Amino acid sequence: MSEQPTQGVSRRSFLKLAGLVGLAAQAGGLVAAGNNAGKSSESYTGWESFNPGTQFFNRKPFEFEGPAHSPVSAVRRPSHLTDYVFGRVGTFQKFYEKHPEWKLGDPLEDLELPPYLIEFYSKFPERLEWDFKTFSETIPNNMKDRKIYENYYKLADAYSEGFTAHGRSLPRPQAPPEISDFLKPLSEDKQIGDPVPFKSPDLAAEFIKEMAHRYGATLVRITKTNPNWLYSEGWRGCPPDYDFSKMPEHWTYAIVMAVPMEWDVIIGSPQFSTSYDAYDRVSTAATRLVGCIKYLGYPARAQTPMTGYDMIVPPHAVEAGLGEQGRTGFCITAELGGNARMAIVNTNLPLTIDKPIDIGIADFCKSCKLCAESCPSGAISMADSPDGMVIRGYEHWYINNGACYNYWRETMGPMGCRMCVATCPYSRKDNWLHDMARKLDPRDPTGVVRGSLLWTQKNFFDYPKAEEYHRPPVGHFASYRPEPPYMVADKYLDIPITNPNEGG
Ligand code: SF4
Ligand code: SF4
């Protein structure tokens, strides 16, 4: 074909030029695409790849005007001394050790318990039965079991210890809120500076959420602190004669954050999982956020699993719209289900608050019951509805925390159980199937999606029966799923190991 000039450029030259332009355009497109991809947090390779983007469920269509909780009878604040299981059993243990001959049926006065505990046990006798069983039977048995089986769980214990060792070093408030919340971090006398004004509460909330994610929080939402959910006494740094009846004015807001326990560890529940990985991480995130807020001149106090709580978290999490209250009593979140360990940061920095959500979790709990069926201690109610169950003035599924704690002291590995977390259908990873279910279910008015998912989980997946989680000979210290490969002590450790699953 002869060369034909085209507007002063030969056809061949034109085609070459066009090819080059095309290539350049493609290369430019690639560069732009590469540039965009590089800017996306999905391309991050370190810890930060898990941060912005973790809160991926769009709650907007499911928000409603709160409050999500309304009292149904006279409200009583929770007590650190009785309702809070560690406070109660710690006191019981102290007095029982002084009177080891005491048994159920003997007068409570013989134990010389403080009057408030006598009154509590008289009202809730089943708590006394469980607390007595814990110290008279379960813990002594557990000490024997540990002599035989402990090495089998050595690496699970070591994993947990790494987190507790760090979490225990986080600072706790050493003075009442009116003093410590206004001091610079780790200082006994240096006051925070003047508040730096934000342009709007919306922008302040946006910034605070961004920081919380950067500091390690997987989920974060904001609500107002509710005085009904403060402990009735025993706030950190406060003397016994402190006036606990009023909420400190600067605790206006509750920034609620959540972090999951490691997924491959949690499914090794009860014996191989630990709460302390998430406890440590969420406590660290909250401590960092306190530092950030104080630097900007606003008072702040962290309520965390590692440094203690002056208030209860689940109802605040529900009001903030992290999720809904489940049969287990805790907040079942949209992204993490029940696998969400939580902390709060209180402050008076003006923030736009979030709304509660309804994605059908509370309703689903009425028919699901998986957690109750798998609970080794029977602590979770099997009722069809929480109607008529009232705790401290609010409707609430009944949870027997004495029974639950008793089983914690029976388990091997790091203390605790967490089976109710491992079995909950909402506690699932972020893969396409679960992601699709999360989006479809709340939009399905027929209930077909949830019905099919529940049927699938109950019929297609095999897992141990509740009694198998108990000590031999009733059970064999079963776990929901095998432990993660890095916790197989037999592979790594040169020590004698007895496996309870093999009838050792
Ligand atoms: S932690 Fe275990 S014993 Fe306690 S309520 Fe959950 S499943 Fe039951
Ligand atoms: S396991 Fe089922 S009943 Fe229990 S909290 Fe989860 S969804 Fe609700």
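For residue classes, Ala, Val, Leu, Ile, Met, Phe, Trp, Tyr, Cys and Pro count as nonpolar, Asp, Glu, Lys and Arg as charged, and the others, Gly among them, as polar. This is a predicted model, where local features need pLDDT of at least 70 and side-chain atom pairs count only at pLDDT 80 or more, while totals for chains, interfaces and linings use all residues. Residues are numbered from 1 along each chain as its sequence is written, chains are lettered from A and ligands numbered from 1 in the order in which they are written, and side-chain values use heavy atoms, with hydrogens and water left out.

**Exercise 1.** Work out which residues surround ligand 2 and sort them by class.

*Solution.* Step one: list the residues with a heavy atom within 4 Å of the ligand. You get Arg327, Ile332, Phe364, Cys365, Cys368, Lys369, Leu370, Cys371, Cys424, Pro425 and Tyr426.
Step two: sort them, which gives nine nonpolar, no polar and two charged residues.
Step three: look at the helices (DSSP runs of H or I, at least four residues, numbered from the N terminus). Helix 11 (361-368) and helix 12 (370-374) each supply at least two residues of this shell, and helix 11 gives the largest share, three residues.
Step four: check the backbone at Lys369, in the loop between helix 11 and helix 12. Lysine 369 has a positive phi of about 65° although it isn't a glycine. Most residues other than glycine have a negative phi.

**Exercise 2.** Do the sorting again for ligand 1.

*Solution.* Start with the shell: Cys375, Pro376, Ser377, Ile380, Cys404, Trp408, Cys417, Arg418, Met419 and Cys420. Helix 13 (401-408) and helix 14 (419-423) are the elements giving two or more residues to it. By class, the shell around ligand 1 has eight nonpolar, one polar and one charged.

**Exercise 3.** Trace the open sheet and find what packs on it.

*Solution.* First, the order: four strands (DSSP runs of E, at least two residues) run 3-4-8-5 with antiparallel pairing, where a pair needs at least two DSSP bridges.
Next, the edges: strand 3 (219-224) and strand 5 (300-303) each have a single partner strand, so one side of each is left without a neighbour in the sheet.
Then the middle: strand 4 (residues 253-259) and strand 8 (residues 341-347) pair over seven bridges, and tyrosine 253 has threonine 347 as its bridge partner.
Last, the helices in contact (heavy atoms within 4.5 Å). Helix 7 (residues 201-214) touches strand 3 and strand 4, making about 140° with the direction of strand 3; such angles run from 0 to 180 degrees between N-to-C directions of lines fitted to C-alpha atoms, for helices over the stretch in contact. Helix 9 (residues 276-295) touches strand 4, strand 5 and strand 8, at about 15° to strand 8.

**Exercise 4.** Where does the cis bond from glycine 66 to proline 67 lie?

*Solution.* Its omega is near 0°. Proline 67 is in the loop between helix 1 (11-39) and helix 2 (85-98).
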